[in-house]
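User: Could you take a close look at one buried helix for me, and then place it within the rest of the model? I'd like to know what surrounds it and how the neighbouring parts fit together.

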Amino acid sequence: MEKEEPRKELKVSAIENGTVIDHIPSQNVFQVIKILNLSNYMNQLLIGTNLDSNKMGKKGIIKVSNKFFKSDEINKIALVAPSASLIIIKNFQVVEKGKVSIPDQIDKIVKCFNPNCITNTEDIPSIFTVIDKKELKLRCHYCEKITAKDNISFRE
Amino acid sequence: MKNKSLVSINDFTPEEHIRILELASIFEKHPKQRILEEYVIATLFFEPSTRTRLSFESAATRLGAQVIGFSDAASSSVQKGESLRDTILTVSNYCDLIVMRHPKEGSARFASEVAKVPIVNAGDGANQHPTQTLLDMYSIRKTQGSLDKLNIAFVGDLKYGRTVHSLVMALCHYNTTFHLVSPPELKLPSAVKYHIKERNLTYYQYTDLLEVIPKVDILYMTRIQKERFSDPLDYEKVKMAYILKNCMLEGAKPNLKILHPLPRVNEIMTDVDDNPKAYYFTQALNGVYVRQAILAAILGVVD
């Protein structure tokens, strides 16, 4: 267990148990909430955005009480928050720290860039294979076309 | 291959491709075998494609199968707003195999995941048309004796032509040397070239058709479509450059054959048709044998 440094002031209050997602690009905080389907979350959820950060200038943070994500679930946010850090809190103490990494497959959340793809007309969950993690290129399981980093958008 | 859907050319292994070609040559010798008398085949054409549909229906009928289906979406329940999923689920109750053509890319893959029966993709938008690829391979192998180490030229619209993309990918297993002839705007996409490089094969790019003719065993012609050009002037500039005339074939190799997926508009002059090197209509006939082989193999009546 790591020893906690004395804090001056917390902009977003501490949680007793759960997951802290830190270092989210400010503009993507609400995207992360959407990807993790937290809009209807029934427990305590603390959100901070445009907070000062030494590393990033401005950053966002989300603290989710009583929630411990599976890695394939949380890794999806790497698409919009590749620099995010994950902190597991138990009994107000940090018990684990980690980083997100881009998964091999991305289901449901991304919209295929190809307007003529069947996933954009029929009610079908999208499925992508990540063929290039560095440049972020996704190949659609259905139309086989590639959606590149700059064209990634999310399904409603 | 029994019960396996054929959506993308890579769904079958190179060994399975060759097996289909071998079966097709048996059907060429004996086209009328009533080995599918017990079977019902559905041809669902959500967009019209008379040539492909008739080729499949001819193949199925020659094998004794019953054929049901529709030839365009206007005459089906799609017009009433039925989803593809519901159409496929329903029709798979009525038949043993579905042949489908659909304007949306990925539709055949989706159908193969929903259907209880195997799906044969007869074209999904600009994505895949694997039976065309297999009949192209059959035509090449039949006219050249083998698929190995051939010099093959692809001419015309190499950017959008799905038959070109699939055939290039399939031929990458046979030490092919590729000669790519197109206007600069319509070059083969880098994703397809990537497959050639991955196999350490060679490709040459040309803008001049005449230069390539003496070098190759197969000349695979495609149509350059006007709507591919944002500026109609650009189209006018290139359209004449990729038209094959009989007089251009003088220096060609004796074994050269000219292929075209059809329909042809004007990219091969009609004076080429009588040249023994013209093979495109026989190529269309080969399509029936290849589709007989595909139907029979997937339904498991041949091994």
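Analyst: Happy to! Before looking at what covers the helix, one cut-off is needed: two residues are in contact if their C-beta atoms, placed from the backbone, lie within 7 Å. Please keep in mind that this is a predicted model.

The helix in question is α6 of chain B, residues 162–171. Because 8 of its 10 residues are buried, α6(B) is largely enclosed by the rest of the structure. The buried ones are Thr163(B), Val164(B), His165(B), Ser166(B), Leu167(B), Val168(B), Ala170(B) and Leu171(B). What lies over them? The cover includes the helices α1 (14–29), α5 (130–144) and α7 (190–198) of chain B, together with the strands β5 (151–155) and β6 (177–181) of chain B.

Next, the domains. Chain B is assigned a domain 1, made of 9–128 + 287–298, and a domain 2, spanning 131–284. Taken over C-alpha atoms, the centres of these two domains of chain B are 26 Å apart. Where they meet, domain 1 of chain B contributes 16 residues and domain 2 of chain B contributes 15. On the domain 1 side, at least two residues come from each of α1, β4 (119–124) and α10 (280–298) of chain B. Of these, α1(B) gives the most, with 5 residues. So far, then, α1(B) has appeared twice: in the cover of α6(B) and in the contact between the domains. By class, the domain 1 side of that contact has 10 nonpolar, 4 polar and 2 charged residues.

Now for a strand pair elsewhere in chain B. Strand β1 (residues 40–45) of chain B runs parallel to strand β2 (residues 66–70) of chain B, and 5 bridges join them. One residue to look for is Leu44(B), whose bridge partner in β2(B) is Phe70(B). Between the two strands the chain passes through helix α2 (residues 50–62) of chain B, giving a right-handed β-α-β crossover.

Leu44(B) also turns up among the contacts of Ile98(B). Setting aside neighbours within four places in sequence, Ile98(B) touches Ala42(B), Leu44(B), Val91(B), Ser92(B), Ala115(B), Val117(B) and Ile119(B). Ile98(B) belongs to the largest nonpolar core, which has 120 residues; Val32(A), Ile77(A), Ile98(B) and Leu295(B) touch the most other members. The largest share of this core, 9 residues, is supplied by α10(B).

As the core includes residues of both chains, here is a short word on chain A. Its secondary structure comes to 2 helices and 11 strands, in the order β-α-β-β-α-β-β-β-β-β-β-β-β from the N terminus on. Along the principal axes, the C-alpha atoms of chain A fill a box of roughly 55 × 30 × 25 Å. Chain A has 156 residues, of which 30% count as buried. Among its contacts with a separation of 6 or more, 62% are between residues 24 or more positions apart.

Finally, the two chains meet through 13 residues of chain B and 16 residues of chain A. On the chain B side, α3 (84–91) and α4 (107–114) each supply at least two residues, and the largest share, 3 residues, comes from α4(B). By class, that side of chain B has 3 nonpolar, 6 polar and 4 charged residues.

How values were computed. Residues numbered from 1 in each chain as written. Chains lettered and ligands numbered in written order. Predicted model: local features only at pLDDT ≥ 70, side-chain atom pairs only at ≥ 80, totals over all residues. Pairing = 2+ DSSP bridges. Helix = DSSP H or I, 4+ residues; strand = E, 2+ residues; numbered from the N terminus. Right-handed = clockwise from strand over helix to strand, strands pointing away. Buried ≥ 20, exposed ≤ 12 C-beta atoms within 10 Å, placed from the backbone. Nonpolar A, V, L, I, M, F, W, Y, C, P; charged D, E, K, R; others polar. Domains from an automatic or database assignment. Core = buried A, V, L, I, M, F, W, Y, C linked by C-beta atoms within 7 Å.
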